[in-house]
Amino acid sequence: MNRNSPAPGFSQTPRFDVAIVGGGIVGLATAMALLERGRPSLVVIEAEKQLAAHQTGHNSGVIHSGLYYKSGSLKARLCVEGREALYRFCAEHGIACERCGKIVVATDHSEMPALEELCRRGTANGLAGLRVLSIQELREHEPHVTGVGGLRVRETGIVDFAEVARGYARVVQSRGGQVMTGTRLLGVLRREGRIILRTTRGDIACGMMVNCGGLQSDRIARMCGLRPAVRIVPFRGEYYRLSPAGAALVRNLIYPVPDPAFPFLGVHFTRMIGGGVEAGPNAVPALSRHGYSWSQVNGRDLLDAMGFVGTWRLAGRYWRTGLAELYRSLSRRAYLKALQRLLPAVQLEHLQPGGAGVRAQALGADGRMVDDFRIESAPGMVHVLNAPSPAATASIAIGRYIAEEVVCRRLGSEG
């Protein structure tokens, strides 16, 4: 079956040991990990006509090092494991990637304690050779930046994650798994000890279901009868591309010191594996879970977010930051000013229209953003309810983690 073209409607209900909902990088990595462990009959279903259509395909392309995450957290462990597994996968499968490194820049002395904390945290997470750089050393790596200190993070890299996802799909298919695009989930029910997925192409029966639905993951969980404690609230990140003259100011990746109270890293500069440099992203509310611009509005998604008490509590906590992000979204000059904190030489004429991505941010009723991965289980099911950055980097490790959960659930049910 061609993974990029829809299959005909089913003449009878196909049966699988495992069905994975979601053809993004996490769903495909999970399928690959399950097939590594044995030969279950397995299918991945994807609502869109192509794989990696949303978060994976709109990713910045950064292979994260594990610098930012609390030591011992699931994020930190899976990021470090997954990063090296991803580099090996790309080398083995001929996928272009580069371990280019990045610089994190403290733009004034008030940011130096946070930079030093990042250095300690990164070292605890196994990153090699981390130390605070002097201004002179900073300029040796990135001559056009301005700052009072920095960190050189060697493990960071760049790749096209949509191409990685397609590589995972090829492995899945080579090991006997099926990948079905254009297959939207409509409902879930249980019948005679099996789970029945009602789809736009007919019913699919399975022994185990894995929800890797990303932007729709909470809805899929509710469709399965769960009452998840989190709600997906979408945030859009908007990018500019730098003109060739602007791109010449950037050697690799340049990041600010992040606000530890906010899960977004702030606008930064990223050299892309296919050429060119992106600047961004900001973080603004998306008016649709697939809202890549202000003109894309979905009434159900908007009501879902605005009717959730956690959204209003989040807004009450971060309204000043939110207004600043909205202003940068609407004003190119304001966006430029944020970029010039890192790179004063970048000018308005260097900024060209770029792309955008939507982040599936899990939010609790208390208004707090869920920072770590959130994976919950139910009889016959595993639900990935929060897989924010660095999920793409950590995808192979996350897939293996989920596969272990699936195997344990199956053995438990059989015992």
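Buried means under 20% relative accessible area, exposed over 50%, and partly exposed in between, with a 1.4 Å probe and protein chains only. The model is predicted: local features need pLDDT of at least 70, side-chain atom pairs count only at pLDDT 80 or more, and totals for chains, interfaces and linings use all residues. Residues are numbered from 1 along each chain as its sequence is written, and side-chain values use heavy atoms, with hydrogens and water left out.

**Figure 1. The protein chain as a whole.** The secondary structure comes to eleven helices and 20 strands; helices (H or I, at least four residues) and strands (E, at least two) are DSSP runs, numbered from the N terminus. The radius of gyration, taken over C-alpha atoms, is 22 Å, close to the 22 Å that the globule rule gives for 415 residues, so the protein chain is as compact as a globular protein of that length. The globule rule is 2.2 Å times the number of residues to the power 0.38. Along the principal axes, the C-alpha atoms fill a box of roughly 70 × 45 × 35 Å. Of the 415 residues, 56% are buried. Contact means heavy atoms within 4.5 Å; among contacts with a separation of 6 or more, 73% are between residues 24 or more positions apart. The protein chain exposes about 17500 Å², and carbon and sulfur atoms supply 51% of this area. Accessible areas come from the Shrake-Rupley method with a 1.4 Å probe; for residues, only the protein chains shown count as cover.

**Figure 2. Aromatic pairs, including Y68 with Y69 and Y240 with Y335.** A pair of aromatic rings is described by the distance of the centres and the angle of the planes. Rings of Phe, Tyr and Trp (its six-membered ring) pair if their centres lie within 6.5 Å; planes under 30 degrees apart count as stacked, over 60 as edge-to-face and the rest as tilted. By this rule there are three aromatic pairs. In one of them, the ring centres of Y68 and Y69 are 6.3 Å apart and the planes are at 65°, so this pair is edge-to-face. Y68 and Y69 are both buried. For Y240 and Y335, the centres are 4.8 Å apart and the planes are at 85°, so this pair is edge-to-face. The pair links distant parts of the chain, with Y240 in strand β13 (residues 230-242) and Y335 in helix α10 (residues 332-340), 95 residues apart. Y240 is buried at a relative accessible area of 15%, and Y335 is buried at 1%.

**Figure 3. Charges over the rings of Y87 and Y255.** A charge sits over a ring if NZ of Lys or CZ of Arg is within 6 Å of the ring centre and within 35 degrees of the ring normal. R99 lies over the face of Y87, 3.9 Å from the ring centre. K102 has its charged end over the ring of Y255, 3.8 Å from the centre.

**Figure 4. Surroundings of R231 and G364.** R231 is in strand β13 and is buried, with a relative accessible area of 18%. Not counting residues up to four places away in sequence, R231 touches D218, R222, R289, D304, F308, Q361, A362 and L363. G364 belongs to strand β18 (residues 351-364) and counts as buried at 10% relative accessibility. With the same sequence neighbours left out, G364 touches A229, F308, G310 and V370. G364 and L314 are 50 residues apart in sequence, and their C-alpha atoms are 9.3 Å apart in space.

**Figure 5. The loop residue S288 and its contacts.** S288 lies between β17 (284-285) and α8 (299-306) and is buried at 8% relative accessibility. Its side chain makes a polar contact with the side chain of D301, at 3.4 Å. A polar contact is a pair of N or O atoms within 3.5 Å; within protein, one must be able to donate a hydrogen and the other to accept it, and residues adjacent in sequence count only if both atoms are side-chain atoms. Beyond four places in sequence, S288 is in contact with P234, Q296, V297, N298, D301 and V358.

**Figure 6. Backbone geometry in four loops.** Most residues other than glycine have a negative phi, and most peptide bonds are trans. A cis peptide bond joins G280 and P281, with omega about 0°; P281 is in the loop between β16 (277-280) and β17. Another cis peptide bond joins S389 and P390, with omega about 20°, and P390 is in the loop between β20 (381-386) and α11 (395-414). A52, not a glycine, has a positive phi of about 55°. A52 lies in the loop between β2 (42-45) and β3 (62-63) and is buried at 6% relative accessibility. E192, also not a glycine, has a positive phi of about 50°. E192 lies in the loop between β10 (185-191) and β11 (194-199) and is exposed, with a relative accessible area of 75%.
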